[in-house]
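Here's a quick briefing to keep beside the structure viewer. Have a look at the sequence and the fold, then work through the points by topic.

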Amino acid sequence: MTQSPDISALPQFSQLTIQGEDAEKFLQGQLTCDVTKLGLSYQAAAICNLKGRIEFGIWIKKQAEKHYDVVISSDCADALQSHLKKFGAFSKFDTSESIAIYPCVLADEPTFSHKDDHNTAEDTEDWMACSLATGNYWIVAATQGEFQPQELRLHQRGGMDYDKGCYLGQEVIARIYFKSAPKAFLHYVKGTGDVPAAGDKLDKIQVVNAMANDNGFTALVVARPEHLAESTLSILDLPAALQVDVARPK
């Protein structure tokens with residue numbers, strides 16, 4: 001089918017498969033989520049660096065026993081492949097080459113599809129709008145290493161597990177969760193003017209993702225509430241589960 005001419009300027013995603021005898025054990029030591037609880041639906045998760053910041057923002061599902069499908073922004077796919085080869089050198093699993101997968105909205109949820117019918121600019125734009133409204137951020141090359149998972153409310157989306165044991169960056173992440181809380185965290189906003197790029201700073205507010213609308217743009221940003229109050233941005237409602245305090249429940 002003929003694809004929209006501007007689709008190359010929109011987010012693009014790749015899928016790779018990790019499967020083998022040690023796949024679960026290896027991923028359990030890498031991901032913020034509990035791999036043993038994964039099912040056939042995509043779960044947002046992350047691989048962090050030793051500073052506890054997200055190096056790779058991913059979606060992962062368990063396709064079959066010892067078989068996991070991982071979706072990532074295409075501009076981070078090669079770096080993820082290198083990471084897996086480095087840290088998995090002594091583990092028994094195979095990693096496939098990356099293939100294209102298309103963002104779309106199914107049953108009012110942002111997800112991904114291999115069907116060519118979903119390889120359209122309209123599908124991608126619908127996915128972006130739905131993702132922004134539901135806090136389904138996507139990490140691109142420009143924002144690797146920029147955000148701590150709790151800042152992005154990943155723990156409120158089931159993408160973090162504080163009881164599963166060690167993984168990359170776990171000590172820093174656990175310290176923040178149990179002893180303090182991020183002062184800046186994820187908000188859904190709208191603004192006027194040009195659409196900012198991922199990673200851009202709007203004064204003291206950092207953009208995670210953004211897209212154009214008729215009157216300016218909507219975006220996911222990480223910011224302190226007081227800095228948002230001082231800005232010209234308008235705060236929009238995220239889903240109820242992402243409206244609660246980012247700090248650990250007392």
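One aromatic cluster brings together F13, Y42, W59, F112, W127 and W138. Keep in mind that this is a predicted model. Across the structure there are 12 aromatic pairs, and one of them, W127 with W138, gets a closer look below.

**The aromatic rings**

- A pair of aromatic rings is described by the distance between the centres and the angle between the planes.
- For W127 and W138, the ring centres are 5.0 Å apart and the planes sit at 55°, so this pair counts as tilted.
- The cut-off for edge-to-face is over 60 degrees and stacked is under 30, which is why 55° ends up as tilted.
- The pair ties together distant parts of the chain: W127 belongs to helix α3 (residues 121-134), while W138 is in the loop between α3 and α4 (170-179).
- Along the sequence, W127 and W138 are 11 residues apart.
- Are these two tryptophans, W127 and W138, buried or exposed? Both W127 and W138 are buried.

**The overall build**

- If you're counting elements, the protein has 5 helices and 12 strands.
- How does the radius of gyration fit with a compact globule? For 250 residues, such a globule would come out near 18 Å, and the protein has 18 Å, so the two agree.
- Along the principal axes, the C-alpha atoms fill a box of roughly 55 × 50 × 30 Å.
- Of the 250 residues, 52% count as buried.
- Take the contacts with a separation of 6 or more: 65% of them are between residues 24 or more positions apart.

**Surface and charge**

- The accessible surface comes to about 12400 Å², and carbon and sulfur atoms account for 48% of that.
- On the charge side, there are 23 positive and 33 negative side chains.
- The centres of those two sets of charges lie 11 Å apart.

**Two positive phi angles**

- Most residues other than glycine have a negative phi.
- A107 has a positive phi of about 55°, though it is not a glycine.
- You'll find A107 in the loop between β6 (99-106) and β7 (109-113).
- A107 has a relative accessibility of 73%, so it counts as exposed.
- D203, also not a glycine, has a positive phi near 60°.
- Look for D203 in the loop between β9 (201-202) and β10 (205-213).
- With a relative accessible area of 71%, D203 is exposed.

**The loop between α3 and α4: A141 and A142**

- A141 is in the loop between α3 and α4, and A142 is found in that loop too.
- Why does A141 count as partly exposed? Its relative accessible area is 37%, and partly exposed covers what lies between the 20% and 50% cut-offs, so A141 goes there.
- A142 has a relative accessible area of 53% and is therefore exposed, as the cut-off is over 50%.
- Which residues does A141 contact once neighbours within four places in sequence are set aside? They are D75 and C76.
- A141 and A198 are 57 residues apart along the chain, with their C-alpha atoms separated by 9.2 Å.
- A142 and D200 are 58 residues apart in sequence, and their C-alpha atoms are 9.2 Å apart in space.

**G20, after β1**

- G20 is in the loop between β1 (13-19) and α1.
- G20 is partly exposed, with a relative accessible area of 21%.
- Not counting residues up to four places away in sequence, G20 touches K66, K92 and F93.
- From G20 to A142, the C-alpha distance is 32 Å, with their positions 122 residues apart in sequence.

**Q28, in helix α1**

- Q28 is part of helix α1 (residues 23-28).
- Q28 has 17% relative accessibility; buried means under 20%, so Q28 counts as buried.
- Setting aside neighbours within four places in sequence, Q28 is in contact with C33, D34, V35, T36, K164, C166 and Y167.

Note on methods:
Residues numbered from 1 in each chain as written. Predicted model: local features only at pLDDT ≥ 70, side-chain atom pairs only at ≥ 80, totals over all residues. Heavy atoms only, no water. Helix = DSSP H or I, 4+ residues; strand = E, 2+ residues; numbered from the N terminus. Rg over C-alpha atoms; globule rule 2.2 N^0.38 Å. Buried < 20%, exposed > 50% of the residue type's maximum accessible area, 1.4 Å probe, protein only. Contact = heavy atoms within 4.5 Å. Areas by Shrake-Rupley, 256 points an atom, 1.4 Å probe, with all protein chains shown as cover. Lys, Arg positive; Asp, Glu negative; His and termini not counted. Charge placed at Lys NZ, Arg CZ, Asp CG, Glu CD. Phe/Tyr/Trp six-rings, centres within 6.5 Å; stacked < 30°, edge-to-face > 60°.
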